[in-house]
Amino acid sequence: MNEIYLWSVTGMACLISLNTIWRLFIDRRRLGNEDLNESDRAFAWRTVVFLVFPLLNLLDLKATEKAAELLGGHVTNWAYGLLWYHIHPVGLTSHLDLSITLFAGVVAQIVLALLLIPALVFRPHPFLATVLGYTISFIFALNLIFDPVLSFLGMGSPRWQFIYTTGSLDSKLFVLALHASSVIAYLAVVLNHKCRLWFSELSRPKAADELKEALVKAKAQTDNARLACRLGLLYDKAGLRRRARKQLKTLKSKHPNSLYSLLLSAVLYYRKHEYKQALTAFAQAAEAPNVMGQLKASLLAAAGCAAFADGEITKALNYCERALEFDDNCLVARMVKVDVFLHQGKKETAAEEILQSMRRGLSLNLENKIPVDCEEVLEAIAHMEETQVKPVATASKWRN
């Protein structure tokens, strides 16, 4: 039964791998863009899991086999299934020789990861840099964290189970100390802000350049709510989510009743798929005093987008209808209405909505506009502050 399950996994992995290769070919122009979206980065992870990981498993298998031969043993049988492999080395009498053989694949993979790091120094194309960065991180995470934990739970590779169950106490403590040090070093590098910013420059060059400019301006104007909000949005755009959340806390502490605080909160909640909180924040921002016209329409449409993502279909439609009352050309509101109609099975109504949008000259391009065009909204808030009384949002009544 176990063999049937494993080979079924292999069959599914083979189909997904072939589909991934086909998509790499047909989407080569889109993936060749400098500005990658979230879907492109998700596809980069898919490439690592279904194309790179099988090669890593094959490297692991061959390294184990070669190590057994060099130490005087041999392999009686082995099986390779893309996402898994089995190998049975025999003829190794000493505990040290067997340990070296079992961990030869780990050493080979880590050496490969270290050899891939210099390739990033030459600043490859953003998609290639993303795949290389994910591969390096994946190799270390797999061998230092996931495999040991799964083995401890009885589901991982036999090498860590061998360490857990055999050998002297001193050898176990030595391996544990070495492993813990490696994990700490890996996490320190991965979580380091400078390292993450460097990787952002490689994988998201445009967002990283905008972030650098914003950092320079923010240092010169430390009490500017608009610049602080834009800095948080750019942190999120550059993939530095922890920095974005830290920036939000700073903005709330300095400008607790600012409309900018609500905007940044709403966008970050939406990015984290916490759609109820995002809906609340967008709705409260839209109802703030002096918010009118296109700005109100954009915020109401964003609330409708969050409501649709949360499964609140009726609310989504109501927010979009309200948004179109303030701006009949609000693209996000119209496209969310299309999604609502399609969800309800009203294909003809959805088609009419699309045709109506096209007649109005709307491009139907929602790139960087979901749930809201942040740059446009920031400009609208700034213009409102310059021409009207400074708005006081209801952020004090809203709790995280």
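Strand 1 and strand 2 form a hairpin with 4 residues between them, and Leu82, in the turn, has a positive phi of about 65°; helices (H or I, at least four residues) and strands (E, at least two) are DSSP runs numbered from the N terminus. The model is predicted, so that local features need pLDDT of at least 70 and side-chain atom pairs count only at pLDDT 80 or more, whereas totals for chains, interfaces and linings use all residues. Residues are numbered from 1 along each chain as its sequence is written, and side-chain values use heavy atoms, with hydrogens and water left out.

Within the hairpin, strand 1 (residues 74-80) runs antiparallel to strand 2 and is joined to it by 5 bridges, where two strands are taken to pair if DSSP finds at least two bridges between them. Ala79 has His86 of strand 2 as its bridge partner. Strand 2 (residues 85-90) presents Tyr85, Ile87 and Pro89 on a covered face, while His86, His88 and Val90 make up the uncovered one.

The largest nonpolar core comprises 72 residues, and Leu263, Phe282 and Leu299 have the most contacts inside it; such a core is a set of buried Ala, Val, Leu, Ile, Met, Phe, Trp, Tyr and Cys residues joined through side-chain atoms within 4.5 Å. Here buried means under 20% relative accessible area, exposed means over 50%, and partly exposed lies in between (1.4 Å probe, protein chains only). When residues up to four places away in sequence are not counted, Phe282 touches Leu263, Ala266, Val267, Leu299, Ala302, Ala303, Pro371 and Val372, a contact being defined by heavy atoms within 4.5 Å. Apart from the largest core lies another, of 26 residues, which includes Leu31, Val48, Ala129 and Ala141. In soluble globular proteins, nonpolar side chains tend to be buried together.

A polar residue, Ser357, is placed in helix 18 (residues 347-359) and counts as buried at 0% relative accessibility. With residues up to four places away in sequence again not counted, Ser357 touches Arg334, Met335, Leu362 and Leu364.

The structure holds 24 salt bridges, each being a side-chain nitrogen of Lys or Arg within 4 Å of a carboxyl oxygen of Asp or Glu. In the salt bridge between Arg230 and Glu375, the closest N and O atoms are 3.1 Å apart; this pair links distant parts of the chain, since Arg230 belongs to helix 11 (residues 225-237) and Glu375 to helix 19 (residues 374-387), 145 residues apart. Arg230 is buried at 19% relative accessibility, whereas Glu375, at 34%, is partly exposed. Asp236 and Arg241 form a further salt bridge, with closest N and O atoms 2.9 Å apart; Asp236 is buried, with a relative accessible area of 4%, and Arg241 is partly exposed at 28%. For the salt bridge of Asp310 with Lys276, the closest N and O atoms are 3.0 Å apart, and the two residues, 34 residues apart, lie respectively in the loop between helix 15 (293-309) and helix 16 (313-326) and in helix 14 (residues 275-286). Salt bridges that share partners join Glu38, Arg41, Arg204, Asp236, Arg241 and Arg271 into one network.

Aromatic pairs number 9 under a rule by which rings of Phe, Tyr and Trp (its six-membered ring) pair if their centres lie within 6.5 Å, planes under 30 degrees apart counting as stacked, over 60 as edge-to-face and the rest as tilted. Phe53 and Phe138 form an edge-to-face pair, 5.4 Å centre to centre with 80° between the planes; because Phe53 lies in helix 3 (residues 38-70) and Phe138 in helix 6 (residues 126-152), the pair ties together parts that are 85 residues apart in sequence. Phe53 is buried at 14% relative accessibility, as is Phe138 at 15%. The ring centres of Tyr134 and Phe199 are 6.2 Å apart and their planes lie at 45°, so this pair is tilted. Ring pairs link Trp45, Tyr134 and Phe199 into a cluster.

A search of the whole structure for disulfides, defined as pairs of cysteine sulfur atoms within 2.5 Å, finds 0. The sulfur of Cys229 is 7.7 Å from the closest cysteine sulfur, that of Cys374, which is too far for a bond, and Cys229 is buried at 0% relative accessibility. For Cys330, the closest cysteine sulfur is in Cys320, at 7.7 Å, again too far for a bond, and Cys330 is buried with a relative accessible area of 7%.
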